[in-house]
Amino acid sequence: MILAAFRHLSILSIGGVAGILFPSLMFAAEFGYRFGRRIASRKSEKSTDLAASATLTTGMIGLLAFTLSLSINFAQDRFEARRDLVLAEANAISTAWLRANLIDGAESAVIAAEIEEYARVALAYTTAESNADIPGLVERMGALQDGIWRSMGMIARHASNPVTIALASALNDMFDLFTSQRFAYQSHVLTNIVLMLYLEALATIGALGYQLGLGGDRHIVLTTLLLMMWSGGMILIMDLNQPRIGSIRADASPLIWTIRGFGGPAQMH
């Protein structure tokens, strides 16, 4: 049930995530502080408790920092994969288009035009701002692939030579890269990992508040700055993990440049 609720949290805007994350960490810190003050008021000797709790809290903070860095690295790897695939797909489309223009006969213009439309749909897929648009774009891309391959079949039947073989290879690479792109956009840091990081952050911040409560000093400014840093790191993960609605997105410039190289505007259908 918690995991299902957290999946809904992961599709919120970055502002919505920040609006839930930071207050919840503040609550954990305040709860820990008040609990620490209550425990401290019942004990006369605090030195041993402070030393032990400080050691344990330091260990929890270190583990949280390690988990946070790993999660950011996972999210960044997936972002880098999406970005690299945009460039690879643009290069594959450009190569296929250039080879299509080497074909003799009317089929050359037909398949080149289909590749140009394919590039525009690929651009629309890369820059789509909502997951709701994706099924239609994937269906359109599948139809274009079928049409392009039928055109390739007609060309191969009329003229089987090194140029047509090279074109068929380029088209195959172009289709394969779109599949890789789809997989990259659907590949995220596992919700279980992000949930574990969130719960670990709540526990650690609560322990820190408890430690401050035992000492009797809130350190409001430093605590607030620390919570802002932890929240920022987790928000960065959520942002990288949302290729459609996050603010950090793969740059579609290679596809735009490729479409402009066709001699037409880079319009998104």
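Select E80 and R83 in this predicted model: the two residues stand three apart in helix 3, and are therefore separated by about one helical turn. A salt bridge joins E80 to R83, with 2.6 Å between the closest N and O atoms. Both ends have some access to the surface: E80 is partly exposed at a relative accessible area of 24%, and R83 is partly exposed at 37%.

Remain on helix 3, which covers residues 47-100 and includes L70. Now add L63, F66 and F74 to the selection; together with L70 they make a nonpolar surface patch of about 360 Å². Within this patch, L70 is partly exposed, with a relative accessible area of 34%.

Next, display E117 and R140. Their side chains meet in a salt bridge, at 3.5 Å from N to O. E117 belongs to helix 4 (residues 107-127) and R140 to helix 5 (residues 134-158), so this pair ties together parts that lie 23 residues apart in sequence. Which of the two categories, buried or partly exposed, applies to E117? At 16% relative accessibility, E117 counts as buried, because the cut-off for that class is under 20%. R140, by contrast, is partly exposed at 39%.

Proceed to E129 and R249, another salt-bridged pair, whose closest N and O atoms are 3.8 Å apart. This contact links distant parts of the chain: E129 sits in the loop between helix 4 and helix 5, while R249 sits in the loop between helix 8 and helix 9 (253-261), 120 residues away. E129 counts as exposed, with 56% relative accessibility, whereas R249 is partly exposed at 34%. A search of the whole structure finds four salt bridges.

Then select M26, A29, E30, Y33, G209, L212, R218, H219, I220, T223 and T224, which line the second largest pocket. The volume of this pocket is about 160 Å³. Which helix gives the most to the lining? Helix 2 does, with four residues. Colouring by helix shows that helix 2 (14-41), helix 7 (191-215) and helix 8 (220-240) each supply at least two lining residues. By character, the lining divides into five nonpolar, four polar and two charged residues.

Finally, return to a cartoon view of the whole chain. The secondary structure comprises nine helices and zero strands, so the order of elements from the N terminus reads α-α-α-α-α-α-α-α-α. Of the 269 residues in the chain, 42% count as buried.

Notes: Residues are numbered from 1 along each chain as its sequence is written. This is a predicted model: local features need pLDDT of at least 70, side-chain atom pairs count only at pLDDT 80 or more; totals for chains, interfaces and linings use all residues. Side-chain values use heavy atoms; hydrogens and water are left out. Patches are made of residues with over 30% relative accessible area and no salt bridge: like charges are joined within 9 Å, nonpolar side chains (Val, Leu, Ile, Met, Phe, Trp, Tyr) within 5 Å. Accessible areas come from the Shrake-Rupley method with a 1.4 Å probe; for residues, only the protein chains shown count as cover. Buried means under 20% relative accessible area, exposed over 50%, partly exposed in between (1.4 Å probe, protein chains only). On a 1 Å grid over the protein atoms alone, a cavity is a set of points where a 1.4 Å probe fits but cannot get out, and a pocket is an open set with protein on both sides within 12 Å along at least five of seven lines; lining residues have an atom within 4 Å of a point. Grid points are joined across faces, edges and corners, and a volume is the space filled by probe spheres set on the points. Ala, Val, Leu, Ile, Met, Phe, Trp, Tyr, Cys and Pro count as nonpolar, Asp, Glu, Lys and Arg as charged, and the others, Gly among them, as polar.
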